[in-house]
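Welcome! Let's take a friendly walk through a protein model, from the whole chain down to one helix.

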Amino acid sequence: MKHRKSSQLLQQLVFVGPSIVFFILIIVVPFLLGMVYSFTDWNGVSANIHWVGFDNFKQIFANDPKFLSAFWFTVRFTVVGVILTNVIGFFLAYFLTKPLKTRNFLRTIFFMPNVIGGLLLGFIWQFIFVKGFSAVGDVTGWSFFNLPWLGDEPTAFWGIVIVFVWQTAGYLMVIYISSLTNVSPDLLEAAEIDGASRWQVLRSIIFPLIMPGVTICLFLAISWSFKMFDLNLSLTKGGPFGSTESVALNIYNEAFVNNRYGIGTAKALVFFVIVAIITMIQVRVTKSKEVEA
């Protein structure tokens, strides 16, 4: 018995041990160091580190309007991004679970943007917004294509939203497809025989049964939206005049551009706590609505 337990422990150490070590070195240790640095005035380079207590956090909330502006932009972007990605992802999945001849091809096409890296995707869309739309507008005369897409605050906001939704909706589509294919056809057939409309079937049968998938998709969309950095950096760099600067980009600029690593890590810690609270509430609420087939 002891030999079997020791053998199992050895197997666990061999297979799980390296991943645990790397997780601690890459995730846990930097996170704990970041918490420590958030209470200092470290500039990220100097060996002189002075403990300042809660001064960094006081400065963030009392004397840093740029952070509050970035947080408000991130909240607005998250609300719009979460709604659009989930609505579009669900309806793509809903129609691509129908018996269409080209559904596998269409699934691949809609998922492909998620494979492209965020920075590369952002630079591609920057070219489209600046050069491509302008050329189309000159040919067609449509004012929609001649808008200052990345040069004005409202259009820059929607430009980032468009690219974000275009990139991530396909990933959520795959999760929704998996959830929809697990819905029993017998339930849907029985509802149709009873005279239920498509909307009634969708609202009363499909939505409750795919709620575990909704929980996952909402969690992913919220975390992606709040942490959005690469698209923000490559499309607008927070412009014009900081109006589209996300919290992630604000933290990056504070730590690595302004060389104020202490305040940057303090902002990151505040941001982590806020996102963790929001995602836990979301998971708790959507979990409570899950039902068993």
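Buried residues, meaning those under 20% relative accessible area with a 1.4 Å probe and protein chains only as cover (exposed is over 50%, partly exposed in between), make up 38% of the 293 residues in the protein. This is a predicted model, in which local features need pLDDT of at least 70 and side-chain atom pairs count only at pLDDT 80 or more, while totals for chains, interfaces and linings use all residues. Residues are numbered from 1 along each chain as its sequence is written, and side-chain values use heavy atoms, leaving out hydrogens and water.

**The whole protein**

The protein has 12 helices and 0 strands. Here helices (H or I, at least four residues) and strands (E, at least two) are DSSP runs, numbered from the N terminus. Along the principal axes, the C-alpha atoms fill a box of roughly 80 × 75 × 30 Å. The accessible surface, computed by the Shrake-Rupley method with a 1.4 Å probe, is about 17,500 Å², and 69% of that belongs to carbon and sulfur atoms.

How do parts of the chain meet? A contact means heavy atoms within 4.5 Å. Of the contacts between residues at least 6 apart in sequence, 72% join residues at least 24 apart.

**What the UniProt record adds**

In an unreviewed entry, UniProt lists "transmembrane region" at residues 12-33, 70-96, 108-128, 156-177, 205-226 and 261-281. The same record type, also unreviewed, places "domain: ABC transmembrane type-1" at residues 71-282. Such positions use the numbering used here, feature names are shortened, and annotations may be inferred rather than shown by experiment. Three of these spans look like this in the model:

| Span | Helix | Strand | Distance between end C-alpha atoms |
|---|---|---|---|
| Residues 12-33 | 100% | 0% | 28 Å |
| Residues 261-281 | 100% | 0% | 30 Å |
| Residues 71-282 | 76% | 0% | 19 Å |

**A closer look at helix α11**

Is helix α11 (residues 247-257) mostly covered or mostly uncovered? It is mostly covered, with 8 of its 11 residues buried. Those buried residues are V247, A248, L249, N250, I251, N253, E254 and A255. What lies over them includes α3 (65-95), α10 (230-235) and α12 (261-288). After α11 comes N259, whose phi is positive, near 55°.

As you turn the model, it helps to remember that an α-helix has 3.6 residues a turn, so residues three or four places apart point the same way.
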